[in-house]
Number of protein chains: 2
Amino acid sequence: MPQGLRPALARRSTDVPPTGRTPADTTPIDTAPRRDAPAPGVPAIDAPATAASTTIAPLPASRKVYVQGSRQDLRVPFREVTLTPEPTGKGPTGDGPTVEPPLRLYDTTGPYTDPAFRPDPRRGLPELRRSWIRERADVEEYRGRPYRPEDDGLRPGDPHMAHTRWPGPERPPLRARPGRAVTQMHYARRGLVTPEMEFVALREGVDPELVRREVAAGRAIIPCNVNHPELEPMIIGRAFHVKVNANIGNSVISSSIEGELEKLLWAIRWGTDTVMDLSTGRAIHSTREWILRNAPVPVGTVPIYQALDRVGGRPEALTWEAVRETLIEQAELGVDYWTIHAGILLRYIPLAASRVTGIVSRGGSILAAWCLAHHQENFLYAHFDEICEIARVYDVALSLGDALRPGSIADANDAAQFAELRTLGELTERAWRHDVQVMIEGPGHVPMHLIQQNVDLEREICHDAPFYTLGPLTTDVAPGYDHITSAIGAAMIGWYGAAMLCYVTPKEHLGLPDKDDVREGVIAYKIAAHAADVAKGHPRARQWDDALSRARYAFRWTDQFNLALDPERARAYHDETLPSDAAKVAHFCSMCGPKFCSMQISHELHEFSRRRGLTLEEAVEHGLQEKALEFRARAE
Amino acid sequence: MPQGLRPALARRSTDVPPTGRTPADTTPIDTAPRRDAPAPGVPAIDAPATAASTTIAPLPASRKVYVQGSRQDLRVPFREVTLTPEPTGKGPTGDGPTVEPPLRLYDTTGPYTDPAFRPDPRRGLPELRRSWIRERADVEEYRGRPYRPEDDGLRPGDPHMAHTRWPGPERPPLRARPGRAVTQMHYARRGLVTPEMEFVALREGVDPELVRREVAAGRAIIPCNVNHPELEPMIIGRAFHVKVNANIGNSVISSSIEGELEKLLWAIRWGTDTVMDLSTGRAIHSTREWILRNAPVPVGTVPIYQALDRVGGRPEALTWEAVRETLIEQAELGVDYWTIHAGILLRYIPLAASRVTGIVSRGGSILAAWCLAHHQENFLYAHFDEICEIARVYDVALSLGDALRPGSIADANDAAQFAELRTLGELTERAWRHDVQVMIEGPGHVPMHLIQQNVDLEREICHDAPFYTLGPLTTDVAPGYDHITSAIGAAMIGWYGAAMLCYVTPKEHLGLPDKDDVREGVIAYKIAAHAADVAKGHPRARQWDDALSRARYAFRWTDQFNLALDPERARAYHDETLPSDAAKVAHFCSMCGPKFCSMQISHELHEFSRRRGLTLEEAVEHGLQEKALEFRARAE
């Protein structure tokens with residue numbers, strides 16, 4: 001029977017024992033302070049008064065299963081949904097109960113949903129990739145950059161420091177040994193299938209050699225910093241499942257470490273494939289460390305945000321040195337990919353001057369301000385090869401930012417946007433010369449008829465590097481519903497060939513998303529990504545739709561709920577009008593009621609012919625008036 | 001200043017005086033019983049305990065304006081949104097305040113949002129089209145079919161009758177004089193531009209002759225029964241705004257007349273262009289009469305539902321006579337369009353036998369059961385010309401139902417679906433021979449890559465008759481979010497050429513939608529329709545996006561809220577984190593905070609060059625180091 005039916009949003013106001021999990025059906029993970037340490041949250045402006053727990057229980061009727069790879073320590077997780085047999089005589093396949101095999105679904109929740117795992121965010125996740133990385137014998141431990149209170153926006157000796165820092169074991173960072181590259185692209189180009197590649201091949205249901213080939217060609221990336229051994233490898237590329245990213249991170253206005261960790265776990269519960277930590281508020285360093293040590297998915301950042309914080313928030317005070325220090329700091333923590341706005345050049349800025357909404361990328365506007373203040377070329381462009389050298393020794397993938405993406409329908413596909421795209425193409429080639437993995441960020445706000453051009457141009461100019469788009473939003477008129485305006489564009493661009501979709505929440509343009517918004521945003525984007533997988537013909541996509549539709553047609557309500565992208569909501573909506581257990585086997589719902597259920601009538605048609613030993617075709621073709629009379633008699 | 005900020009969903013628990021409206025900012029319409037009459041709601045199973053009021057106040061900062069037509073009694077309503085001047089020195093257009101003209105938007109709310117109008121649902125709406133219809137001198141009043149308690153599923157003398165019947169003035173029905181046709185297609189083909197055509201031309205911003213031509217060619221329809229004089233004409237066709245339909249109506253399981261009337265007003269508030277009353281529960285006749293007399297939008301039905309009720313709910317007991325009686329009854333009440341499932345032929349039924357989800361159209365499954373029970377051809381097909389003869393004398397448009405639409409991704413674009421489509425093409429021609437207006441219903445569940453084929457085939461086979469689609473849903477895996485799975489497909493099919501989109505609510509597949517679901521469904525579909533209008537290049541579509549984006553870029557928060565498709569939600573979401581009035585003029589929001597606001601930095605760039613009397617281009621091109629230093633100095 002399904003578990004976890006209590007709405008996962010329900011918050012517990014009491015702490016749970018620090019040893020971990022309760023036997024309850026919704027198991028909270030304890031992010032509460034230990035008795036010997038102060039609270040992990042820094043006092044934040046308007047910080048939400050949330051309880052220190054997050055639901056990580058498996059979804060209903062789901063269990064964690066692993067597919068064993070070629071080596072003992074390579075086990076690929078799936079969520080397996082158990083289904084109930086069809087009732088006797090129902091369903092298109094014949095009399096007697098039909099057993100539906102359990103359905104295996106791609107699983108982004110990491111060890112959290114494994115009952116054998118006892119999570120403790122203060123110790124972090126197990127280092128799944130530790131031996132994979134070490135065995136390659138191309139990394140070295142070194143004494144990393146020491147933590148400084150300024151990294152968290154604090155003064156030395158600030159008492160908040162003890163409250164914010166991640167309390168787990170200190171671990172010296174890794175980097176490539178001198179002269180070596182440790183990127184997946186580097187290995188792939190040398191013909192090696194790494195455990196990471198095998199992992200994603202099993203995860204996607206494809207040949208490992210396909211994975212290697214796509215990574216070698218730059219058509220796919222596996223973001224996996226050597227300092228983030230906790231992550232379960234995933235791949236971003238057109239030949240694979242379309243992926244979803246969820247942005248989390250605090251702002252000056254609100255949020256706390258605890259809240260961000262909760263959002264991380266919440267986002268992976270609903271299926272996000274990566275998260276970007278876009279924190280711009282306080283305790284940036286420590287928030288990120290808590291996130292990375294507990295993230296089974298790749299974590300991306302926009303390093304310029306933290307660099308700006310480091311120079312007091314004034315764009316014109318930014319320096320390459322400040323950015324460089326931030327890159328090293330983040331690479332040592334384990335950040336898996338960076339948005340780098342190196343494509344916005346000085347001469348492109350005037351192209352945005354006549355736009356309806358100017359420059360809407362935060363990073364882009366910061367760099368434009370810097371360029372204009374100094375009247376010099378974008379220093380990220382000037383120092384791009386040095387950025388690649390850093391990325392190469394940690395395997396940080398570069399996500400080339402679209403600083404000039406359109407912020408309104410009016411500005412879509414304009415000269416500014418495409419000028420920058422050409423530079424991103426140049427930078428792609430430069431990064432590939434360093435064996436650095438690259439993806440290309442895309443818009444933004446684009447009307448439907450201009451979406452395909454974005455994909456076609458990106459593929460041509462950027463040599464098929466994976467495309468990673470924000471939406472696009474297909475209209476500007478619906479603030480409050482931009483998860484929908486953009487899910488339309490995201491589904492289309494995914495079908496056309498984008499490899500990862502950055503979610504947009506209902507709060508876009510209006511405020512910082514809370515936990516509910518994260519759920520709405522992730523689900524809307526999982527819909528877009530899955531619809532794109534179906535349209536692209538991904539071999540594993542359709543089996544999910546078909547399993548759910550078979551359950552729907554057979555009135556296996558519980559299976560229909562359990563197979564849903566959001567099982568809790570599906571069941572809750574059904575139960576609003578028909579809460580009884582009997583309704584879970586009823587051959588109707590409250591939409592149409594029993595007399596008007598088309599599916600039930602459909603079944604009766606089948607039964608009519610089956611009982612006569614005929615197919616429906618025969619029943620019709622042979623003009624069996626007699627059978628018709630019998631059917632009528634039976635129904636009366 | 002904006003009005004109506006109190007969430008419209010808030011329900012009043014007290015009645016308002018029967019004379020109509022209160023001076024409060026959210027004005028409820030009184031649907032409560034008069035003191036001399038019993039309650040209008042029939043006792044229904046699990047009927048929701050809602051208060052008897054519905055918000056009909058104008059949306060914030062909006063006022064009703066009319067565009068005068070060629071005759072005194074032809075005034076076309078618009079919602080005009082007042083905007084605030086831009087603050088001095090901000091915005092791309094120069095120094096000093098810029099006055100934005102008010103924006104006129106298409107308005108579906110009818111007289112309700114006109115402060116001069118005092119609604120009384122017990123008397124119904126004014127008969128806007130009365131003289132237009134009468135002046136044509138081609139209709140006659142006659143003694144209509146008398147009301148029978150069975151029409152409401154009651155026995156003669158049932159005391160519920162007095163509770164349910166619409167208490168307004170009795171009005172003898174109209175029909176064409178013998179030998180005449182009163183359809184808009186008939187007039188258009190004879191070269192006449194009717195007031196209805198002029199009305200929609202002004203509403204759409206196009207030439208009346210275009211309207212006439214499209215209607216004459218069958219490429220567009222104006223559903224407007226001569227017995228529904230209250231409606232404000234609207235047009236459904238590819239050359240015009242993409243339209244949205246909202247299904248309302250009770251089921252055996254739940255709902256009441258009061259609840260359905262509330263849903264009607266709620267649905268037009270959010271912008272639905274038509275409603276379909278799909279009631280299958282009790283008091284079908286009276287529920288419909290309440291709806292029609294108070295509906296400023298066309299009302300569609302599926303007459304077979306009521307006919308089935310008339311014969312005790314047994315499909316095999318259906319007769320042409322029962323359907324015919326239902327058609328006359330509904331035509332006399334003023335139903336504007338009918339879904340007629342005349343395209344599912346006996347020989348097509350086996351084509352659906354091997355489907356994953358069989359027949360999912362309620363009407364379709366009823367007719368399939370009838371066909372098989374009698375082993376005769378679908379009687380709606382057999383009697384189609386008689387249906388057209390009825391439609392022709394009241395001007396009821398036919399919406400040819402897709403009884404074999406796919407109910408799952410697996411069944412999309414299959415032989416069953418397209419076999420029926422060919423018959424719909426044949427029926428289209430037959431209807432046109434009677435001068436009867438026709439549209440074609442479409443699927444359903446269709447993956448993205450198969451959507452366009454639906455439009456292309458429909459246009460070819462059905463000779464460009466308007467296409468009216470349900471979604472389509474682009475994946476089956478997200479029950480609870482099917483407004484989103486289907487908004488994706490709806491936006492695409494609207495862009496490809498569908499003329500009207502039937503909404504899907506979050507409750508699809510799970511239960512009967514309530515008021516909240518109606519709002520979610522209508523808004524999702526307004527997004528899809530508007531995104532399609534933008535992509536199609538409708539001349540009036542983009543101005544809305546651009547006005548909102550200008551407001552966004554200029555930090556005119558209040559204008560941004562007021563221009564939003566759902567102003568209440570946009571403001572509420574913003575105010576969750578920044579509720580103060582000061583935040584409504586702040587140059588940032590809680591998403592990024594003040595230091596990271598890209599739009600603010602964008603403005604500073606503009607200001608920098610403007611103050612120097614330069615364009616941004618000049619500031620860059622001329623390499624003005626000096627200016628750069630000044631900008632830096634100013635910023636410090």
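**Exercise 1. Describe the overall make-up of chain A.**

Solution. Chain A contains 22 helices and 17 strands. The model is a predicted one. Of the 636 residues in chain A, 70% are counted as buried. Turning to contacts within chain A with a separation of 6 or more, 74% of them involve residues 24 or more positions apart.

**Exercise 2. Characterise the interface between chain B and chain A by its residues, its buried area and its polar pairs.**

Solution. Step one concerns the residues: chain B contributes 126 residues to the contact, and chain A contributes 126 residues.

Step two concerns the area. The size of an interface is often expressed as the accessible area lost when the parts come together. Between chain B and chain A the buried area is about 10,800 Å², with carbon and sulfur atoms giving 69% of it.

Step three concerns charged and polar pairs. The interface of chain B and chain A has 2 salt bridges. In one of these, B:Lys507 pairs with A:Glu576, with a distance of 2.7 Å between the closest N and O atoms. Polar contact between chain B and chain A involves 16 residue pairs, both members being at pLDDT 80 or more.

Step four locates the contributing elements on chain B. Helix α16 (residues 515-536) of chain B supplies 11 residues, the largest share of the side of chain B that touches chain A. Sorted by class, that side of chain B comprises 70 nonpolar, 31 polar and 25 charged residues.

**Exercise 3. Which side chain of opposite charge is nearest to A:Asp482, and how far away is it?**

Solution. Begin with the position: A:Asp482 belongs to helix α15 (residues 482-496) of chain A. A:Asp482 is buried but has no salt bridge, and the nearest side chain of opposite charge is that of B:Arg552, 4.3 Å away. A salt bridge requires the nitrogen and the carboxyl oxygen to be within 4 Å, so a separation of 4.3 Å does not qualify.

Next, consider the other partners. The side chain of A:Asp482 is in polar contact with the side chain of A:Thr485 at 2.8 Å. Beyond its neighbours within four places in sequence, A:Asp482 has contacts that include A:Leu473, A:Val504, A:His509 and, from the other chain, B:Arg552.

**Exercise 4. Compare the settings of three salt bridges that lie within a single chain.**

Solution. Side chains of opposite charge can pair when their charged atoms come close. The structure has 96 salt bridges over all chains.

- In chain A, A:Asp559 and A:Arg556 form a salt bridge with the closest N and O atoms 2.7 Å apart. Both A:Asp559 and A:Arg556 are buried.
- In chain B, B:Lys263 and B:Glu260 form a salt bridge at 3.3 Å, N to O. These residues are separated by about one helical turn because they stand 3 residues apart in helix α6 (residues 257-269) of chain B. Both B:Lys263 and B:Glu260 are buried.
- Also in chain B, B:Arg355 and B:Asp414 form a salt bridge, their closest N and O atoms lying 2.7 Å apart. B:Arg355 is in the loop between β13 and α10 (362-374), and B:Asp414 is in the loop between β14 and α13, so this pair ties together parts of chain B that are 59 residues apart in sequence. B:Arg355 counts as buried because its relative accessibility is 3%; B:Asp414 is buried at 18%.

A further step extends the view from pairs to networks: A:Arg145, A:Arg148, A:Asp151, A:Arg310, A:Glu325 and A:Glu329 are joined into one network by salt bridges that share partners.

**Exercise 5. Which residues of helix α12 of chain B are buried, and what covers them?**

Solution. In α12 (residues 384-394) of chain B, the buried residues are B:Phe384, B:Ile387, B:Cys388, B:Ile390, B:Ala391, B:Val393 and B:Tyr394. The elements of chain B that cover them include α9 (320-333), β13 (337-340), β14 (397-400) and α13 (415-433). After α12(B) comes B:Asp395, which has a positive phi, near 60°.

**Exercise 6. Is B:Asp114 buried or exposed, and what does its side chain reach?**

Solution. B:Asp114 sits in the loop between β5 (103-106) and α1 (130-135) of chain B. The cut-off for burial is under 20% relative accessible area, so B:Asp114, at 13%, is buried. Its side chain reaches the backbone nitrogen of B:Ala116 at 2.8 Å. The side chains of B:Asp114 and B:Tyr66 are joined by a polar contact of 2.6 Å. Finally, the C-alpha atoms of B:Asp114 and B:Ala57 lie 8.8 Å apart, although these residues are 57 residues apart along the chain.

Technical notes:
Residues are numbered from 1 along each chain as its sequence is written. Chains are lettered from A and ligands numbered from 1 in the order in which they are written. Side-chain values use heavy atoms; hydrogens and water are left out. Contact means heavy atoms within 4.5 Å. Buried area is the accessible area (1.4 Å probe) that two parts lose on being put together, summed over both. A polar contact is a pair of N or O atoms within 3.5 Å; within protein, one must be able to donate a hydrogen and the other to accept it, and residues adjacent in sequence count only if both atoms are side-chain atoms. Helices (H or I, at least four residues) and strands (E, at least two) are DSSP runs, numbered from the N terminus. Ala, Val, Leu, Ile, Met, Phe, Trp, Tyr, Cys and Pro count as nonpolar, Asp, Glu, Lys and Arg as charged, and the others, Gly among them, as polar. Buried means under 20% relative accessible area, exposed over 50%, partly exposed in between (1.4 Å probe, protein chains only). Lys and Arg count as positive and Asp and Glu as negative; His and the chain ends are not counted.
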